[in-house]
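Here are some notes for a reader opening this entry for the first time. They are set out as numbered points, to be read alongside the structure.

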Amino acid sequence: MGERFLEIEGLVSGYGAVVAVHGIDFVVDAGKVAALVGSNGAGKSTTLRAVSGLLPTVRGSIRFEGEEISKLPADQRVDRGIVMVPEGRLIFSQMSVEENLRIGAFAPRGRRQTAQTLETVYEMFPRLAERRRQAGGTLSGGEQQMLALGRGLMARPKLLLLDEPTLGLAPMMADTIFEAIRSLVSEKITILIAEQDVTRTLQQASVGYVIENGRIVASGSGQDLLIDPSVKAAYLGI
């Protein structure tokens with residue numbers, strides 16, 4: 001087993017009076033891909049938002065690199081290396097590609113090596129380099145997802161939280177995003193991903209956690225979950 005990079009114990013979170021995650025436990029090892037899979041509304045995005053600090057921890061514990069962070073604000077989590085790429089991309093449509101990327105380096109951790117990281121992002125996504133002066137809102141959906149992922153990388157994450165990174169993308173663009181994920185793992189970036197493409201996500205994941213109604217109902221290696229008939233039929237829709 002690898003180093004326990006992120007440890008979640010008894011996490012309860014939600015939206016105001018609405019509890020969406022009911023006391024879940026899971027572990028993400030350093031330098032690995034962990035997947036949260038399940039149906040729409042199961043609690044995957046809520047979990048990622050709680051880890052990032054965008055939603056409160058009502059009860060439970062979030063430990064990152066051995067430190068309890070459940071009460072830290074989101075910006076302090078970013079500067080510790082926890083970065084979220086949200087569902088829906090949320091880019092600044094009137095700003096250029098490069099301006100969008102540079103915004104990702106707002107925290108001290110990212111600012112220290114902005115120029116170097118920018119070139120790394122352009123090497124990973126040459127299409128962004130070609131369009132660096134173009135307004136973000138004029139990009140295709142796939143290019144905007146590249147931009148959202150690149151903006152996340154500008155913060156120099158240790159732990160990258162990916163919320164539905166291939167949702168609505170053409171197959172070729174989805175291929176590009178999954179290739180980027182493989183590349184990031186080779187660079188020792190730890191990834192926690194919630195994604196509707198269950199098969200491809202579990203193929204890349206060292207461990208998967210199946211969420212149903214805000215609770216973990218199954219877990220195991222990505223390959224084990226893919227071949228477990230009961231899990232496939234009951235929870236994964238494959």
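1. The model is a predicted one. A good place to start is helix 7, which covers residues 141–153 and so has 13 residues. From its first C-alpha to its last, helix 7 reaches 19 Å, close to the 18 Å expected at 1.5 Å a residue.

2. Is helix 7 enclosed or open to the outside? Of its 13 residues, 12 are buried, so helix 7 is largely enclosed by the rest of the structure. The buried residues include Gly-142, Glu-143, Met-146, Leu-149, Arg-151 and Leu-153. Charged residues are thus listed here beside apolar ones, because the criterion for buried is a relative accessible area under 20%.

3. The surroundings of helix 7 are a mixture of helices and strands. Its buried residues pack against strand 6, strand 7, helix 3 (97–103), helix 5 (114–124), helix 6 (126–130) and helix 8.

4. Strand 6 and strand 7 also belong to an open sheet of six strands, whose order is 6-7-8-3-9-10 and whose pairing is mixed. Strand 6 (82–85) and strand 10 (215–220) are at the edges; each has a single partner strand, so one side of each is left without a neighbour in the sheet. On average, neighbouring strands of this sheet are turned by 20 degrees against each other, direction ignored.

5. At the strand 10 edge, strand 9 (residues 207–212) and strand 10 run antiparallel and are joined by five bridges. One bridge partner pair is Ile-211 with Ile-216 of strand 10.

6. Which helices pack on this sheet? Helix 8 (residues 171–186) does, touching strand 3 (33–37), strand 7 (159–163) and strand 8 (190–194). The direction of helix 8 makes about 150 degrees with that of strand 8. Helix 11 (residues 229–236) packs on the sheet as well, where it touches strand 3, strand 9 and strand 10. Its direction makes about 45 degrees with that of strand 9.

7. There is also an open sheet of four strands, in the order 2-1-4-5, with antiparallel pairing. Its edge strands are strand 2 (18–29) and strand 5 (67–68), each of which pairs on one side only. Strand 4 (residues 59–64) is joined to strand 5 by two bridges, and Arg-63 stands opposite Glu-68 in strand 5. Helix 1 packs on this sheet and touches strand 1 (4–15), strand 2 and strand 4; its direction makes about 115 degrees with that of strand 1.

8. The largest pocket holds about 480 Å³ of space. Its lining is made by 22 residues, and those nearest its centre are Val-83, Met-84, Pro-86, Phe-106 and Arg-151. Helix 1 (44–52), helix 2 (74–80), strand 6 and helix 7 each give two or more residues to the lining. Which element gives the most? Strand 6 does, with four residues. Arg-151, one of the residues nearest the centre, is also among the buried residues of helix 7.

9. Two loop residues deserve a look at their backbone. Glu-164 has a positive phi of about 50 degrees although it is not a glycine, and Asn-213 likewise has a positive phi of about 50 degrees without being a glycine. Glu-164 is found in the loop between strand 7 and helix 8, whereas Asn-213 is in the loop between strand 9 and strand 10. Are they buried or exposed? Glu-164 has 5% relative accessibility and counts as buried; Asn-213, at 54%, counts as exposed.

Terms used: Residues numbered from 1 in each chain as written. Predicted model: local features only at pLDDT ≥ 70, side-chain atom pairs only at ≥ 80, totals over all residues. Heavy atoms only, no water. Pairing = 2+ DSSP bridges. Axes fitted to C-alpha atoms, helices over the stretch in contact; angles between N-to-C directions. Contact = heavy atoms within 4.5 Å. Expected span 1.5 Å × (residues − 1). Buried < 20%, exposed > 50% of the residue type's maximum accessible area, 1.4 Å probe, protein only. 1 Å grid on protein atoms, 1.4 Å probe; cavity = no way out; pocket = protein on both sides within 12 Å on 5 of 7 lines; lining within 4 Å. Points joined across faces, edges and corners; volume = space filled by probe spheres on them.
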